[in-house]
Structure formats: structure tokens, C-alpha cells
Amino acid sequence: MIIQLGTEQDIDHWMNLVEKVRDSFPGLETEEALNEHRNIVLDFMNRNSAICAKEKGKIVGILLFSNENSELCFLAVAAEYRRRHIAEKMLSYMFTKLDSSKDIFVTTYRDGVPEGIAARAFYKRMGFVEGKLTEEFGSPVQEFVLKR
Ligand SMILES: CC(C)(COP(=O)(O)OP(=O)(O)OC[C@H]1O[C@@H](n2cnc3c(N)ncnc32)[C@H](O)[C@@H]1OP(=O)(O)O)[C@@H](O)C(=O)NCCC(=O)NCCS
């Protein structure tokens, strides 16, 4: 398994994984939204802010981050590859690209939502602490912060 920056050549395989996990992400319900997301991913790729995990050439994990906002913007691992520390490895790679003096932010499901169990457990395990309750795409979410 290798962790590397995703480039434009990866976009079709990247989007195949997004389609598989789209149910976990509010805001990806329609074809139009998926197309818009594709352009967003291409933007992140052009800014060297798209990280992927590849197993035998196949993309099995994806992560988008923002250097400007010190924020993890999108994270998913293919269902059949979970609990193999792939998300953890992508996160560690992201840390090497971010300013080590700045807190890192991410928003995810609020407590009590079944879809949020894995993500919340993951972020806590990685050292993030619970922050503000906010909304994203009209859904209630919670910020998590990695204090530095
Ligand atoms: C959240 C997600 C990215 C985690 O990816 P992953 O590669 O399985 O995570 P890792 O294997 O790196 O997990 C590292 C540690 O986090 C914790 N963790 C991860 N998933 C967990 C779960 N389902 N339940 C409890 N703890 C969990 C564990 O402590 C794990 O270590 P361990 O397996 O040795 O116990 C993955 O479950 C996923 O893609 N979910 C759907 C999309 C999603 O929710 N994305 C985030 C939205 S903001």
C-alpha cells in the first residue's frame, strides 16, 4: 500500500471511490453534486492537497485538506479496506504538509448518529477533541480540533 498525492490522472479512480461512499456524505446526493465534487477534487489535486492510498494501483483511500484553513476537508476509506490504519497513514502524510504550529480542524457527524460512529472514534483516537456544534449542507455537524 502506498500513500501519495493524487494527480489529475487519478480523477476517474478517485471518483469511483467517492461514488461508493457517497451515502456517508451529506451534499453528494445528486449527479450534479457529484460533478461539482469532481471539479473540487481537481482543484485540490492542482494545489497538491489531495492525498490517496493505493493498493496494487487501485485507490482505496482518499483525503482532501486545506493548507490555508488548516482543515481536513474530506476523508474516506473503501469499506472493504477499513480498520487497516489506512486513514491513519493518510492523516500522518497530511501532517507533513501542514504548518505544525496550527490547530487542525475537521467537521463530522454529531454524537448519536450511526453514520458518525467510525469517524468520531477515528478522530478521537487521532487526538482530536470535540468542538463547536455547527451545520453543513443543512445537516447538523460537529467540529473536531487537533490542538497543537
Ligand atoms: C472514518 C474512516 C475514514 C476510518 O478509516 P480506517 O482506515 O478504517 O481507519 P483506521 O484503520 O486508520 O483507524 C485507526 C483507529 O481509529 C479507530 N477507529 C476507526 N474506525 C473505527 C470504528 N468503526 N469503530 C471504532 N473505532 C474506530 C480505531 O481506534 C482504529 O484503530 P484500531 O483499528 O487499531 O482499533 C472510515 O471508517 C470511513 O471511510 N468511513 C466512512 C466515511 C466517513 O465517515 N468519513 C469521515 C466523514 S467526516
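**View 1. The ligand occupies the largest pocket of this predicted model**. A pocket here is an open set of points on a 1 Å grid over the protein atoms alone, with protein on both sides within 12 Å along at least five of seven lines. A molecule counts as sitting in one if more than half of its atoms lie within 2 Å of its grid points. Residues are numbered from 1 along each chain as its sequence is written. Local features need pLDDT of at least 70 and side-chain atom pairs 80 or more, while totals for chains, interfaces and linings use all residues, and side-chain values use heavy atoms, without hydrogens and water.

**View 2. Here are the elements around the ligand.** Strand S4 (71-77), helix H3 (86-95), strand S5 (104-109) and helix H4 (117-125) each give two or more residues to the shell. H4 gives the most, with 6 residues. Helices (H or I, at least four residues) and strands (E, at least two) are DSSP runs, numbered from the N terminus.

**View 3. Now for the residues of the shell.** The ligand is surrounded by 21 residues (a heavy atom within 4 Å); the closest are Leu75, Val77, Arg83, His85 and Arg125. By class, 12 are nonpolar, 4 polar and 5 charged. Ala, Val, Leu, Ile, Met, Phe, Trp, Tyr, Cys and Pro count as nonpolar, Asp, Glu, Lys and Arg as charged, and the others, Gly among them, as polar.

**View 4. Backbone atoms meet ligand oxygens**. Look for polar contacts (N or O pairs within 3.5 Å). A backbone N or O atom of Arg83 lies 2.7 Å from a ligand oxygen. For polar backbone atoms of Glu88 and Arg84, the distances to a ligand oxygen are 3.0 Å and 3.3 Å, respectively. The protein covers 84% of the ligand's own 910 Å² of accessible area (Shrake-Rupley method, 1.4 Å probe).

Definitions and conventions:
A polar contact is a pair of N or O atoms within 3.5 Å; within protein, one must be able to donate a hydrogen and the other to accept it, and residues adjacent in sequence count only if both atoms are side-chain atoms. On a 1 Å grid over the protein atoms alone, a cavity is a set of points where a 1.4 Å probe fits but cannot get out, and a pocket is an open set with protein on both sides within 12 Å along at least five of seven lines; lining residues have an atom within 4 Å of a point.
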